[in-house]
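User: I am new to this structure and would like a close look at a single part of it, the nonpolar core. Please describe the core, and then what lies around it.

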Amino acid sequence: MATRKLLLLPGDGIGPEAMAQVTRLIDVLNSDFNAGFETQTGLVGGSAYDAHGQSISEEDMKLALAADAVLFGAVGGPKWDSVPYEVRPEAGLLRLRKDMELFANLRPAICYPALAASSSLKPEVVEGLDILIVRELTGGVYFGDPKEIIDLGNGQKRGIDTQVYDTFEIERISGVAFELARTRQNKVCSMEKHNVMKSGVLWKEVVSATHKAKYSDVELTHMLADAGGMQLVRWPKQFDVIVTDNLFGDMLSDVAAMLTGSLGMLPSASLGAPDGVTGKRKALYEPVHGSAPDIAGQGVANPIAMIASFAMCLRYSFNMIEEADRLEKAIAEVLNDGLRTKDIMSEGMNEVGTEAMGDAIIAKYRALAA
Ligand code: IPM
Ligand code: MG
């Protein structure tokens, strides 16, 4: 059995509690199903800063680059609000994305039938929702130069961020979106702001050209990103795949997350380009929810986004499709059974903590495999 090398970076806040459920699941996959996962654990974010003054160490960066996949928990919290900007917790995550060249961020927003009532929108608007946001992750305003605050010398300062996209970056991210659309409903909606931004004009142009050259079988539409946000809360089921830049993708994916009932439900995969020799992509999997410092350490965090991120890891990094399907089914069935963590609790359901939710999903996984 080939070894499958995973680097675990639990991070801060609820990251470690959520990751602990995945660690237990990995142990079961190894012991009962001979999966051959080998894990190492590193530090990222505030916990890395506390240990060695950096948001991720050079050693852990090396481990991340050598691993078949990285599982990431969450970073940040008020404890590190005043650390220098360069070593703030988020810098560790941004460095991982940049150095591993994880340009494609896949954020599925699926509304489990059992949770349609927990969304802030009407059940009929979200029931059965299954959309995928493909967010560009290594370019745009997150990384563009200059990025600085300058002193204008007249008592004023100027804060500058630079939104910049090159043709190849738009081509490759739209290629990922079109390819994925072909495995789904075959529809892509591209979102930008070409009415005010030059990078938006180029974005629209390159997405259209890529479509025409290689993917004309896929249905392509364009929307201004603000209108796209509005349509997402008005009638989200009109979308299949949404492709958008780094900043719009950050915002729109939080909006999409809330459609599904809770931010605690959403997994994500960040993928690099396929290696020319092995065809394997570098990859990092993380829940969208963040570190939730207000509930950290209480054992009440929802581990589903973390576990579903591991399901994406099985699917995209190890081609373990059957196992990924089974794990996703286990999550859906546990929800059908009425189990809820605090964030998705509703009347008549059974509220459980992080570990009990982990236990239930693992037990269900085993039962489904039997
Ligand atoms: C996300 C987060 C990050 C981002 C932060 C933690 C840097 O909000 O993954 O959506 O802005 O990309
Ligand atoms: Mg975000």
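Analyst: What follows starts with the core, goes on to the domains and one buried residue, and ends with a cavity and some backbone details.

The model is predicted. Its largest nonpolar core has 89 residues. Leu6, Phe37, Leu71 and Phe310 are the residues with the most contacts inside this core. Among the elements of the chain, helix α10, which runs over residues 304-318, gives the most to the core, with 10 residues. Domain 1 (1-103 + 272-370) and domain 2 (108-268) both give residues to the core, so the core lies between them. As a general background, nonpolar side chains tend to be buried together in soluble globular proteins.

Phe37 gives a view of the core from one residue. Not counting residues up to four places away in sequence, Phe37 touches Arg4, Leu6, Ile26, Leu29, Asn30, Phe310, Leu314, Phe318 and Met320. Leu6 and Phe310, in that list, are also among the residues with the most contacts inside the core. A second core, separate from the one above, has 15 residues, including Ile56, Ala67, Leu93 and Leu96.

The two domains can also be described by their contacts. The chain is divided into domain 1, made of 1-103 + 272-370, and domain 2, made of 108-268. Taken over C-alpha atoms, the centres of domain 1 and domain 2 are separated by 23 Å. In domain 1, 28 residues are in contact with 24 residues of domain 2.

Leu106 is a residue to look at next. Strand β4, residues 104-110, holds Leu106. Leu106 has a relative accessibility of 0% and therefore counts as buried, the cut-off being under 20%. Apart from neighbours within four places in sequence, Leu106 is in contact with Leu132, Ile133, Val176, Leu180, Pro267, Ser268, Ala269, Leu271, Met312 and Tyr316. One of these contacts, Leu180, is 74 residues away from Leu106 in sequence, with 9.7 Å between the two C-alpha atoms.

Another pair that is apart in sequence involves Lys329, in helix α11 (residues 321-336). Lys329 and Tyr365 are 36 residues apart in sequence, and their C-alpha atoms are 8.1 Å apart. Lys329 is partly exposed, with a relative accessible area of 47%.

The model also has a cavity. The count comes to one cavity of 30 Å³ or more, and the largest cavity holds about 40 Å³ of space. Its lining is formed by Gln163, Tyr165, Glu192, Lys193, Met197, Ser199, Gly200, Trp203, Asp245 and Phe248. Helix α7, residues 198-214, gives the most to this lining, with three residues. Sorted by class, the lining has four nonpolar, three polar and three charged residues.

Val164 is placed in the loop between β7 (157-162) and α6. The C-alpha atoms of Val164 and Gly200 are 9.7 Å apart, with their positions 36 residues apart in sequence; Gly200 is one of the residues that line the cavity. With a relative accessibility of 35%, Val164 counts as partly exposed. Leaving aside neighbours within four places in sequence, Val164 is in contact with Gly139, Gly140, Gly144 and Glu169.

Some details of the backbone remain. Most residues other than glycine have a negative phi, and most peptide bonds are trans. The peptide bond from Asp145 to Pro146 is cis, with omega near -5 degrees. Pro146 is in strand β6, residues 144-151.

Asn186 has a positive phi, near 65 degrees, in a residue other than glycine. Its place is the loop between α6 (167-182) and β8 (187-192). Asn186 is partly exposed, with a relative accessible area of 23%. Ala292 likewise has a positive phi, here near 40 degrees. Ala292 is in the loop between β12 (281-285) and α10, and α10 is the helix that gives the most to the largest core. With a relative accessible area of 21%, Ala292 is partly exposed.

How values were computed: Residues are numbered from 1 along each chain as its sequence is written. Chains are lettered from A and ligands numbered from 1 in the order in which they are written. This is a predicted model: local features need pLDDT of at least 70, side-chain atom pairs count only at pLDDT 80 or more; totals for chains, interfaces and linings use all residues. Side-chain values use heavy atoms; hydrogens and water are left out. A nonpolar core is a set of buried Ala, Val, Leu, Ile, Met, Phe, Trp, Tyr and Cys residues joined through side-chain atoms within 4.5 Å. Buried means under 20% relative accessible area, exposed over 50%, partly exposed in between (1.4 Å probe, protein chains only). Helices (H or I, at least four residues) and strands (E, at least two) are DSSP runs, numbered from the N terminus. Domain bounds come from an automatic or database domain assignment. Contact means heavy atoms within 4.5 Å. On a 1 Å grid over the protein atoms alone, a cavity is a set of points where a 1.4 Å probe fits but cannot get out, and a pocket is an open set with protein on both sides within 12 Å along at least five of seven lines; lining residues have an atom within 4 Å of a point. Grid points are joined across faces, edges and corners, and a volume is the space filled by probe spheres set on the points. Ala, Val, Leu, Ile, Met, Phe, Trp, Tyr, Cys and Pro count as nonpolar, Asp, Glu, Lys and Arg as charged, and the others, Gly among them, as polar.
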